[in-house]
Amino acid sequence: MTNIRNIVILTGAGVSAESGIDTFRDAGGLWEKHRVEDVATPEAFERDPDLVHRFYDMRRAAIQTKEPNDAHFALAELDRHWRGDDRNLLIVTQNVDDLHERAGAERLLHMHGEHLKALCMACEIRSDWRDPMQHRPPCPICGTPSLRPDVVWFGEMPYHMPEIYAAIRTADLFVSIGTSGAVYPAAGFVRDAKQQGAKTLELNLEPSQGSHFFDEARYGPATEVVPDWVE
Ligand code: BJW
């Protein structure tokens, strides 16, 4: 990676697929089994909080039985080694699972929130949500039954946007891994990175919706293409 100093890596559901976590838009994915409008919008939660809680309880319980795969470990390894005065790296994940951090990644931002956190709608404080089957517990801070999953639904502002855009502005290399490029603003990062002069690389099972924006692509399962690239 000659002339590369600052790397921004965007990951999506495809990076966790081989750990046994469902993607959203693939055949058999979550959006084939559940209507987005019923479970992943603020309006859905207002209309039927029990249904939305059940959807997230099920997924929270499932991810705690899964393990990081070779793609997560390869990225954690890169995070460990790509350090120094003139080397920066940021992993931006759209995933709400915790497999990047369990693999050892440190410089990581969850732009769509985290399954293992709850957000109190009354006091706006975040707390851990470690018990996989804990259904609608009271907020540990203010005691009201106002907890919601700390995830970003359609129509809501993703987290950490100023830090993410700051990293993209100085990136020499932008790498997109295991994401369909269907959801904004993440789907627009490749254009932003390219416009300011970064090289762009896609690692995915198949070409994403924005594949024409990438300078280079390697297609295949994340557990193969990611370790090959990191090496
Ligand atoms: C493998 C693999 C293997 C499989 N190896 N690869 C019209 C135009 C533009 C935008 C909009 C619009 N109308 C509405 C919007 C905005 C909307 C949006 O983008 N809608 C689109 C559907 C059009 N976006 C929003 O509302 C966002 N907020 C927002 O825009 O705020 C305003 C704003 C403006 C400007 C700046 C900043 C903000 C919020 C989006 C929230 C998304 N939330 C979800 C749910 C999170 C909680 C949960 O998990 O339940 O996030 S939806 C879901 O999609 C989840 C994911 O993070 C996200 C992306 O999915 P991902 O990761 O790409 O998964 P898949 O399944 O789509 O793709 C998997 C890929 O992996 C595929 O390519 C496979 O090939 C590949 N793969 N196996 C390698 N083994």
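Visitor: What distance separates the centres of domain 1 and domain 2, taken over C-alpha atoms?
Guide: This is a predicted model, where local features need pLDDT (the predictor's confidence in each residue, from 0 to 100) of at least 70, side-chain atom pairs count only at pLDDT 80 or more, and totals for chains, interfaces and linings use all residues. Residues are numbered from 1 along each chain as its sequence is written. The bounds, which come from an automatic or database domain assignment, give us domain 1 (1-20 + 68-112 + 158-231) and domain 2 (22-65 + 114-151). Between their centres, taken over C-alpha atoms, the separation is 25 Å.

Visitor: How many residues does the contact take from domain 2?
Guide: Contact here is a pair of residues whose C-beta atoms, placed from the backbone, lie within 7 Å. Domain 1 puts in 10 residues, and domain 2 contributes eight residues.

Visitor: How many charged residues are on the side of domain 1 that touches domain 2?
Guide: The classes work like this: Ala, Val, Leu, Ile, Met, Phe, Trp, Tyr, Cys and Pro are nonpolar, Asp, Glu, Lys and Arg charged, and the others, Gly among them, polar. On that side of domain 1 there are four nonpolar and four polar residues, and the charged ones number two.

Visitor: Which residues come nearest to the ligand?
Guide: A residue is near if its C-beta atom, placed from the backbone, lies within 6 Å. The shell mixes 19 nonpolar, 12 polar and five charged residues, and both domain 1 and domain 2 supply at least three. Of the 36 residues around the ligand, the nearest are Gly12, Gly14, Phe24, Gln94 and Ser180.

Visitor: What average pLDDT does the protein have?
Guide: The scores for the model are ipTM 0.96 and pTM 0.97. Per residue, 98% score at least 70, and the protein's average pLDDT is 94.

Visitor: Which strands stand at the edges, each with a single partner strand, beside β2, β1, β7 and β8?
Guide: Strands (E, at least two residues) and helices (H or I, at least four) are DSSP runs numbered from the N terminus, and two strands pair if DSSP finds at least two bridges between them. This open sheet is parallel, with the order β3-β2-β1-β7-β8-β9. One side of each end strand is left without a neighbour in the sheet, so the edges are β3 (108-110) and β9 (216-219).

Visitor: At about what angle does helix α10 run to β8?
Guide: Angles run from 0 to 180 degrees between N-to-C directions, using axes fitted to C-alpha atoms, for helices over the stretch in contact. Helix α10 (residues 222-230) lies across β7 (173-177), β8 and β9. Relative to β8, α10 runs at about 150°.

Visitor: Which residue in β9 is the bridge partner of leucine 203?
Guide: β8 (residues 199-204) and β9 pair in the parallel sense over four bridges. Leucine 203 has as its partner in β9 arginine 218.

Visitor: What is the average twist in the sheet with the order β5-β4-β6?
Guide: Those three strands form an open antiparallel sheet. β5 and β6 (147-151) have a single partner each, so one side of each is left without a neighbour in the sheet. From one strand to the next, the twist averages 45°.

Visitor: Which residue is joined to tyrosine 184 by a cis peptide bond?
Guide: Most residues other than glycine have a negative phi, and most peptide bonds are trans. In this cis bond, omega is about 5°. The partner, in the loop between β7 and α9 (189-195), is proline 185.

Technical notes
Two residues are in contact if their C-beta atoms, placed from the backbone, lie within 7 Å.
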